[in-house]
Amino acid sequence: MSPDAKQGGHPWLLRIAEIFADKAEDITTDLEPLTHTRLGREYHLLNLRKPGQGLNTPFAPLIRWNMPVQHAWPCNPRSMDHFVERAAGGITNTFSAASPQALRVGQLDPGSRDPAFKTLARNLRGRLLQLLPTFPARTDIDSQDPDQPTLFCLLGKQGLFAGIQSPRLSHGFHPGGTKFIRRDAQTNISRAGAKIAEALHHMPLYHPVPPAGARWLELGASPGGMSSELLRRDYAVTAIDRATMDPKLHQHPGLQIISKDVSTYQPPAGSRFDALLCDMNGPVEQSFRQVIRLSTWLQPHSPIVFTLKGHGTTLPQELVSLAKRVESLAKHAGLQLLATRHLSYNRWELTLFLTNGESAK
Ligand SMILES: C[S@@+](CC[C@H](N)C(=O)[O-])C[C@H]1O[C@@H](n2cnc3c(N)ncnc32)[C@H](O)[C@@H]1O
C-alpha cells in the first residue's frame, strides 16, 4: 500500500481560501464531516465519516491544500514552556518509523504579522532536522518528488498539526500550498505576474515545466505582468492582446507583441509553440474556444495554463459549474485536463492545467 493510502481514520486538515470562507460548510458538505472545526481564517479540521475517500467532492478545486492529521497537539505554543522541544519530541515519536522525503514546517496563519509563530516554526524545523533521520530533499523545496511522502507540520495559536502525504495529493510543495512570490518593482507590471509564477511553481505536480528557450503563446497579455515573468525565465513569448503592453517590455528581444483581437490571430505557417497561456477576460467559454483553436499550433504534450475568471458567478457552486463546462469543452476537443486549482494568487477565479497530449497540427 502506498504511504498515501493508509490515512483512513485520521482527521483531515483542509485549507479553503478566505474568499470562500462563508461557504466553507457547503464546500465540505459532500465529505460528510462528523465534526468541523475552524482553525483561524483559512484552515478547517474535519473528522470525516468516510476517511478514505480523500477529497472526492465536486468542490475539490476550491480546497487549496489538504493533509491527514496523524499528530495533533492542541495548545497555545506561545505560552507553552519548552514548546519546541516538546513538540519535536511528540512528532519524533509519531513519525520515527516513517521515512519522508522532506520536512516542511509552516504557520496556520501565513498572513499573520506576529513574528512569534514564524520563529517557532523555524526553530521546530531545526530541532526536527536534528532528531529525525536525514531527509533526501531537505534543503531545496523544488527538489521534492511530487509522489513521495513529505512530513508537513503547521502551527499557530490553535496548536500543532502534522501529517505525511505526497505533495501531489496535498496539492502543493509547501505546508498550506502557498509559495511566497517576491515582487520586484521593476518587473512587477501587474498582479497577474504572481499568478503565472505560482502556476509554474505548481506545474511539476501535473506536468514537466518547459525548459528555458521554450516558446509560449500568450493570449490576453496586456499590460504584461505574466509576459515579464515568462521572459525572466528565458522563455520566448508571443503576446497577443488588443490592448497595449507596458513600454518597459517593448524592446525585449524575447517578446513578440501582436496587437489584435485573439479571434483574428492566425499563427504564420510553420509556427510551433511549446506552451500556451490564456488570461483573457470576457466570456470564459469564448476565451477557452480560442485556446482550443490555437492549441493546434502546439507541439505534442505541451502544457496549457488557463485562468478561468469567475465574472458573472457569485456562488462557489456557480464557479465550479463554470469550470465543469470548460472541462467538458476541453474533453470534446481532445485536450487533457490535469488539474483545476484555486491558487493563492487567484481571487474569484481558478487556474486550469491542461495538455494537448499527442495532438498537433
Ligand atoms: C486580466 S487582463 C490580462 C492581464 C495580463 N495577463 C497580465 O499579465 O498583465 C485581460 C486581458 O485580456 C484582453 N482580452 C480579452 N479578450 C480579448 C480578445 N478577444 N482579444 C485580445 N485581447 C483580449 C484584454 O484586453 C485584457 O488586456
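Biologist: In what order do the 7 strands of the open sheet lie?

Modeller: In this predicted model, the sheet is open and its pairing is mixed. Neighbouring strands are turned by 15° against each other on average, direction ignored. The order of the strands is β11-β10-β9-β12-β13-β15-β14.

Biologist: Which strands stand at the edges of this sheet?

Modeller: An edge strand has a single partner, so one side is left without a neighbour in the sheet. This applies to residues 255-259 and to residues 336-341. The strands concerned are β11 and β14.

Biologist: Which residue of β13 is the bridge partner of Cys278?

Modeller: Strand β12 covers residues 275-278, and strand β13 covers residues 303-309. The two pair in the parallel sense over 3 bridges. The partner of Cys278 in β13 is Phe306.

Biologist: What angle does the direction of helix α7 make with that of β13?

Modeller: Helix α7, residues 284-294, packs on the sheet. There α7 touches β9, β12, β13 and β15. Its direction makes with that of β13 an angle of about 170°.

Biologist: Why is α7 described as roughly parallel to α8?

Modeller: The axes of α7 and α8 (residues 316-332) are 10 Å apart. Angles under 35 degrees count as roughly parallel. The description as roughly parallel therefore follows from a packing angle of about 25°.

Biologist: How many residues of the contact of α7 with α8 are nonpolar, polar and charged?

Modeller: On α7 the contact is made by Val284, Glu285, Phe288, Arg289 and Ile292. On α8 it is made by Leu322, Arg325, Val326, Leu329 and Ala330. These residues divide into 7 nonpolar, no polar and 3 charged.

Conventions. Residues are numbered from 1 along each chain as its sequence is written. This is a predicted model: local features need pLDDT of at least 70, side-chain atom pairs count only at pLDDT 80 or more; totals for chains, interfaces and linings use all residues. Side-chain values use heavy atoms; hydrogens and water are left out. Two strands pair if DSSP finds at least two bridges between them. Helices (H or I, at least four residues) and strands (E, at least two) are DSSP runs, numbered from the N terminus. Axes are lines fitted to C-alpha atoms, for helices over the stretch in contact, and angles run from 0 to 180 degrees between N-to-C directions. Contact means heavy atoms within 4.5 Å. Angles under 35 degrees count as roughly parallel, over 145 as roughly antiparallel, 65 to 115 as roughly perpendicular and the rest as oblique. Ala, Val, Leu, Ile, Met, Phe, Trp, Tyr, Cys and Pro count as nonpolar, Asp, Glu, Lys and Arg as charged, and the others, Gly among them, as polar.
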